[in-house]
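Visitor: I would like to understand how the charged side chains pair up here, and how such labels are justified. Could you take me through the reasoning step by step?

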Amino acid sequence: IANFVSADKIKELPDVNAAEAIGRLPGVAISRSGGEGSKIVVRGLDTKFTAININGTRLPSTSGTDRSVDLSLISPELLSGVELFKSPTPDMDGDALGGTVNLNILKADDRPRGSVKVRGGYNDLTGQAQDYTATLSGSRRIFGSRLGVIATANVERYNRSSSSVGQSWSDSREVIDTALNILGQQAGGITLRYNQQIRRRYNGSLGLDYTFNRSTDVTVLGLFSRTTNDQFNHSEFYSAPVSNTIRANPSIRESASNLYTASLTTRHKLNFANVEWGVNYRRTFGETPISLYYRFDASFGGTNANWSDGF
């Protein structure tokens, strides 16, 4: 059971990353962070049960607790197609119970090509029009079309801010019937939350492919991706009039995720078999240079200010 998506279909809709593009396939759900798709759920199984490949080579996990891969690192502008296998074949690893996704990176066309794409966005919550996506790509074949060169660069900025209001209610009686005692409910407190998130993504790829003859070709691919996430989260809790307390929790966090991949692949098309061999390097790592958390408590009968921070 497999689904295939071409590059043209991927670029028809303004998906911000590879997870959003794959999430449109049947049987696939998206795990989101700040409203943006980050990981995929295939056939209802956890994200750690889905294997992610680039040009047939397995990507390492981007999580510190499981084997899941954050696909928000990869821009759809780098892809020439997506292959989703919901049932394993004999040549696949047996640990992908949910499925296997293969992301194919663009290769040079027979004709010289170049493109520039720019897209902007407006965030009504902050009243700013500072969201953007810019992509620059070019490809060409030289030396009698034997050598193909393709380069792609992509930069994005998105405001993922949000706000919410929470209200709690309680009833001190032992038997609670909300339908009959709706007027007897007592407000327990109100919580105001504001989360400001600015995400920036930088992607770049360079691909070389050389055709020696009809039966042998070599492909060299390098890909870099970096996503930064700057957050300022603030919440305020106002208790019921009985306790007269106020709590404020501001926090600041700056984090980044990085992906490096490099591969060399050689293919031989023989009369009796197809042989493929190569070497590859994959690395993912995260960094959190700043992580501050504060808590302030106060009461109307007297002020008690407690605070803590940590790195």
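Guide: In this predicted model, the side chains of Arg-200 and Asp-230 come together in a salt bridge, with 3.5 Å from N to O.

Visitor: Why is the contact of Arg-200 with Asp-230 called a salt bridge?

Guide: The label requires a side-chain nitrogen of Lys or Arg within 4 Å of a carboxyl oxygen of Asp or Glu, and because the N to O distance for Arg-200 and Asp-230 is 3.5 Å, the pair meets that condition.

Visitor: What makes this pair a tie between parts of the chain that are apart in sequence?

Guide: Arg-200 lies in strand S12 (residues 186-211), whereas Asp-230 lies in strand S13 (residues 216-239), so the salt bridge ties together parts that are 30 residues apart in sequence.

Visitor: Turning to Arg-267 and Asp-217, how do you know that their side chains meet in a salt bridge?

Guide: Their N to O distance is 3.5 Å, which falls within the 4 Å limit, and therefore the name applies. This pair links distant parts of the chain, since Arg-267 is in strand S14 (residues 245-269) and Asp-217 is in strand S13, 50 residues apart.

Visitor: Why is Asp-217 called buried, and what is Arg-267 called?

Guide: Asp-217 has a relative accessible area of 17%, and because buried means under 20%, the word fits. Arg-267, with 29%, falls between 20% and 50% and is therefore partly exposed.

Visitor: Which residues are linked with Asp-217 in a network of salt bridges?

Guide: Asp-217 is linked in such a network with Arg-267 and Glu-276, and the structure holds 11 salt bridges.

Technical notes: Residues are numbered from 1 along each chain as its sequence is written. This is a predicted model: local features need pLDDT of at least 70, side-chain atom pairs count only at pLDDT 80 or more; totals for chains, interfaces and linings use all residues. Side-chain values use heavy atoms; hydrogens and water are left out. Helices (H or I, at least four residues) and strands (E, at least two) are DSSP runs, numbered from the N terminus. Buried means under 20% relative accessible area, exposed over 50%, partly exposed in between (1.4 Å probe, protein chains only).
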